[in-house]
Amino acid sequence: MHPNDFAAPTVGAGPLGDPASVGVRWLGTAGYELTAGDATLLIDPYLTRAGLAHFVTRPLTPDAAAIDAAITRADAVLVGHSHFDHVLDVPYIAHKTGAHVYGSRSAANLMAASGLPAAQVTALDPGRTTTFEVGPFRVTAVPSLHSPFAFGNKVPYPGEIPCTCEIPIRGKRYRCGDVFSYRVEVAGHTLYHLGSANLAEESIPKTADGAVELLLLCIAARFAVPGIIKRSLDAIRPQRVMPMHYDNLFRSAAKPLRLLPLTRFGRFVDEVRDFDRDLAIATLPLGGRMELRS
Ligand SMILES: [Zn+2]
């Protein structure tokens, strides 16, 4: 086993079939599939996992076989920001499933470039909290921030994907755009997805401690925002936290998972323990699924 190979234990998995249960499947990177009854909500699905050489040298295209193997249906897709590892696969998925896409103006521009009908896309207002419903899911899009981990403490690939964009484009042209985190309420459960390791506390909806049952928390590049784990837990106050976006996203899902550089998983656990030694940490294997049950 390579020293960076990582096998995460599954915590909180339960049997299928409870009508009040919510399925949570980790698709890799910041990607999740949430299921409730026969409704499906995707957040930042990225199955293509293009290799680093491809990313640097050639335009990116979705890996249809990888997506088809993982995604069979979706009612909506939520896009946190428009970097390639959050949005590249969304046009293909939206065309394939008919899912409605919610995201920034940049994400909407990319959907238009793919030929998706405008009626299938909602460009969220930047800087404004927006609540909408997708079947049984009540979603609140919350203005957020991206980790400024590029040289000089800057957001990597900043700016917008223009409305004149013609796809396919190279990875570096997937500009960040506006950033949103998502609070999702469904079947008596509340989840929160923070897809980049940064946040704007003043935008986070105020809720009681533990009202958020599960925080899906990006831990990639958190070194650029000191104290971000404590700040995130302080602002969102979840019952349990699931770290994500720590897998090397340039590596095929068919190979054993390896951590991104500087992940320091043990340090993350220590930071959670420092915040609250009783706070539960849940992890899933790549492609793994758990259920939240009432
Ligand atoms: Zn990003």
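**Close-up views of a predicted model**

**View 1. Helices H6 and H7 are oblique to each other.** In this predicted model, the axes of helix H6 (residues 228–236) and helix H7 (residues 265–275) come within 9 Å and cross at roughly 45 degrees, an angle that lies outside the ranges for roughly parallel, roughly antiparallel and roughly perpendicular pairs and is therefore classed as oblique. The crossing of H6 and H7 is right-handed. On the H6 side the contact is made by Ile229, Lys230 and Leu233, which meet Phe268, Glu271, Val272 and Phe275 of H7. Sorted by class, the residues in this contact are five nonpolar and two charged, with no polar residue.

**View 2. Leu216 is among the residues with the most contacts inside the largest nonpolar core.** This core has 81 residues, and Val77, Ile93, Val101 and Leu215 join Leu216 as those with the most contacts inside it. Strand S11 (residues 212–218) gives the most to the core, contributing six residues. When residues up to four places away in sequence are not counted, leucine 216 touches Tyr32, then Leu191, Tyr192, His193 and Leu194, and also Met242 and Met244.

**View 3. Helix H4 (residues 90–97) carries the buried residues Val90, Pro91, Tyr92, Ile93 and Ala94.** The buried residues of H4 pack against three strands and three helices: strand S3 (39–43), strand S4 (76–78) and strand S5 (100–103), together with helix H2 (64–70), helix H3 (84–87) and helix H5 (105–113). One of these buried residues, Ile93, is also listed with those that have the most contacts inside the largest nonpolar core. Just after H4, glycine 98 takes a positive phi of about 80 degrees.

**View 4. The loop between strand S8 (137–144) and strand S9 (179–186) holds proline 156, and proline 168 also lies in the loop between S8 and S9.** Proline 156 counts as partly exposed because it has 16 C-beta neighbours inside 10 Å, and, leaving aside its neighbours within four places in sequence, it is in contact with Phe149 and Ala150. Measured off the model's coordinates by calculation, no claim beyond the C-alpha separation is made for the pair proline 156 and alanine 254, which are 98 residues apart in sequence and 28 Å apart in space. The peptide bond leading from isoleucine 167 to proline 168 is cis, with omega near 10 degrees.

**View 5. Leucine 262 and arginine 264 are found in the loop between strand S12 (238–244) and H7.** Leucine 262 has a positive phi of about 65 degrees although it is not a glycine, and arginine 264, likewise a residue other than glycine, has a positive phi near 45 degrees. Leucine 262 counts as partly exposed because 14 C-beta neighbours lie inside 10 Å, and arginine 264 counts as partly exposed with 15 such neighbours.

**View 6. Threonine 283 is buried in the loop between strand S13 (280–281) and strand S14 (289–292).** The residue is classed as buried because 20 other C-beta atoms lie within 10 Å, and 20 or more is the number that this class requires. The C-alpha atoms of threonine 283 and methionine 244 are separated by 8.1 Å, although the two residues are 39 residues apart along the chain. Methionine 244 is also one of the residues that leucine 216 touches.

Technical notes. Residues numbered from 1 in each chain as written. Predicted model: local features only at pLDDT ≥ 70, side-chain atom pairs only at ≥ 80, totals over all residues. Axes fitted to C-alpha atoms, helices over the stretch in contact; angles between N-to-C directions. Helix = DSSP H or I, 4+ residues; strand = E, 2+ residues; numbered from the N terminus. Parallel < 35°, antiparallel > 145°, perpendicular 65-115°, else oblique. Left-handed = near helix turned anticlockwise from the far one by under 90°. Contact = placed C-beta atoms within 7 Å. Nonpolar A, V, L, I, M, F, W, Y, C, P; charged D, E, K, R; others polar. Core = buried A, V, L, I, M, F, W, Y, C linked by C-beta atoms within 7 Å. Buried ≥ 20, exposed ≤ 12 C-beta atoms within 10 Å, placed from the backbone.
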